[in-house]
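Biologist: Hey, got a few minutes to walk me through this one? I'd like to go through it bit by bit.

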Amino acid sequence: MFSRPLGDDGAELRPLEPWHAPEFFANIERGREFIGQYIALPDAVPDVEAARVYLANYAEKAKTDTGRIYGIWLAGRLVGGVLFRVMDLRQGTAEAGCWLEPSAVGKGLVTRAARLVIDWAIRERGVHRVEWLASSANAPSIAVARRLGMTRDGVLRQHYLYRGVRHDMEVWSVLAPEWIDG
């Protein structure tokens with residue numbers, strides 16, 4: 001296992017593995033309503049067993065190089081994470097995402113963590129395009145995309161139905177030359 005520091009505040013980025021299921025579930029429970037405003041992650045993790053299955057699916061993705069999930073720990077507690085929901089190394093594309101419990105908001109943790117994993121994907125894995133998709137109503141997630149230097153490619157109007165509401169989906173991206181030269 002590895003741990004990467006995310007700054008001087010003691011925050012760390014670590015792989016999130018199936019044996020972390022109880023801690024992952026506790027993280028989701030602490031932020032269930034907040035996290036679930038725009039993404040279905042809390043719906044996919046209603047209990048510890050579902051958390052284990054969710055993390056096992058990402059372990060399989062890591063094994064097949066089709067995705068990754070990392071936890072963000074602050075003061076020894078899992079407070080959120082970043083992930084590559086999908087990775088297609090043949091095409092050189094990946095879709096990054098995140099979640100964070102309310103107690104950890106406003107500390108720059110997601111931006112720092114996403115910067116680290118995007119840099120790894122581009123420099124180490126040869127990814128050419130990293131996408132960041134967010135509901136147009138999810139201002140904090142869009143702010144992360146901006147801080148990462150991503151470009152807003154467009155809006156998919158009323159793209160997905162979530163909890164009875166149709167959401168516009170913003171597509172943001174960064175290309176390898178922009179990341180490396182930027």
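Biologist: Where does Gln158 lie?

Modeller: Gln158 is part of strand S7. Bear in mind that we're looking at a predicted model.

Biologist: Is Gln158 buried or exposed?

Modeller: Gln158 counts as exposed, because its relative accessibility is 52% and the exposed class covers values over 50%.

Biologist: And what's the phi of Gln158?

Modeller: It's near 45°, so a positive value in a residue that isn't glycine. As a general point, most residues other than glycine have a negative phi.

Biologist: OK, zooming out. What order do the strands of the sheet come in?

Modeller: The sheet is open and has eight strands, ordered S1-S2-S3-S4-S5-S6-S8-S7, with mixed pairing. Strands S1 (4-5) and S7 (151-162) are at the edges. Each of those two has a single partner strand, so one of its sides has no neighbour in the sheet.

Biologist: How many bridges join S7 to S8?

Modeller: Eight, and the two strands run antiparallel, with S8 covering residues 165-175. To pick out one pair, Thr151 has Ser173 in S8 as its bridge partner.

Biologist: What about helices? Which strands does H3 touch?

Modeller: Helix H3, residues 48-63, packs on the sheet and touches S3 (68-74) and S4 (77-88). The direction of H3 makes about 120° with that of S3.

Biologist: And which strands does H4 touch?

Modeller: Helix H4, residues 109-123, also packs on the sheet, and its list is S1, S2 (12-15), S3, S4, S5 (93-100), S6 (129-135) and S8. The direction of H4 makes about 35° with that of S4.

Biologist: Back to S3 and S4. How do they pair?

Modeller: S3 and S4 are antiparallel, with seven bridges. Gly71, for instance, has Gly81 in S4 as its bridge partner. The two strands form a hairpin with two residues between them.

Biologist: Which residue in that turn has a positive phi?

Modeller: That's Ala75, with a phi of about 55°. Ala75 sits in the loop between S3 and S4.

Biologist: Is Ala75 buried or exposed?

Modeller: Exposed, because Ala75 has a relative accessible area of 76% and the cut-off is over 50%.

Biologist: Next hairpin, then. How many residues are between S4 and S5?

Modeller: Four, and Gly92 in that hairpin takes a positive phi near 75°. S4 and S5 run antiparallel and are joined by eight bridges. Phe84 stands opposite Ala96 in S5.

Biologist: Thr93 is in S5 too. What is Thr93 in contact with?

Modeller: Leaving aside neighbours within four places in sequence, Thr93 contacts Met87, Asp88, Val127 and Arg129. Thr93 and Val127 are 34 residues apart in sequence, but their C-alpha atoms are 5.5 Å apart in space. Thr93 is partly exposed, at 31% relative accessible area.

Biologist: Where's Gly126?

Modeller: Gly126 is in the loop between H4 and S6. Gly126 is partly exposed, with a relative accessible area of 48%. Beyond neighbours within four places in sequence, Gly126 is in contact with Gly92 and Ala121. Gly126 and Arg90 are 36 residues apart in sequence, and 9.4 Å apart from C-alpha to C-alpha.

Biologist: Now S6. Is Ser135 buried or exposed?

Modeller: Ser135, which lies in strand S6, is buried, because its relative accessible area is 3% and buried means under 20%.

Biologist: What does Ser135 contact?

Modeller: Not counting neighbours within four places in sequence, Ser135 is in contact with Tyr38, Ile142, Tyr160, His167, Asp168 and Met169.

Biologist: Last topic, pockets. What's the volume of the largest pocket?

Modeller: The largest pocket has a volume of about 970 Å³. It is lined by 37 residues, and the closest to its centre are Ile39, Cys98, Trp99, Asn138 and Ser141.

Biologist: Which strand gives the most to the lining?

Modeller: S5 does, with six residues.

Biologist: And what's the lining like by class?

Modeller: The lining of the largest pocket has 25 nonpolar, eight polar and four charged residues.

Definitions and conventions:
Residues numbered from 1 in each chain as written. Predicted model: local features only at pLDDT ≥ 70, side-chain atom pairs only at ≥ 80, totals over all residues. Heavy atoms only, no water. Pairing = 2+ DSSP bridges. Contact = heavy atoms within 4.5 Å. Axes fitted to C-alpha atoms, helices over the stretch in contact; angles between N-to-C directions. 1 Å grid on protein atoms, 1.4 Å probe; cavity = no way out; pocket = protein on both sides within 12 Å on 5 of 7 lines; lining within 4 Å. Points joined across faces, edges and corners; volume = space filled by probe spheres on them. Nonpolar A, V, L, I, M, F, W, Y, C, P; charged D, E, K, R; others polar. Buried < 20%, exposed > 50% of the residue type's maximum accessible area, 1.4 Å probe, protein only.
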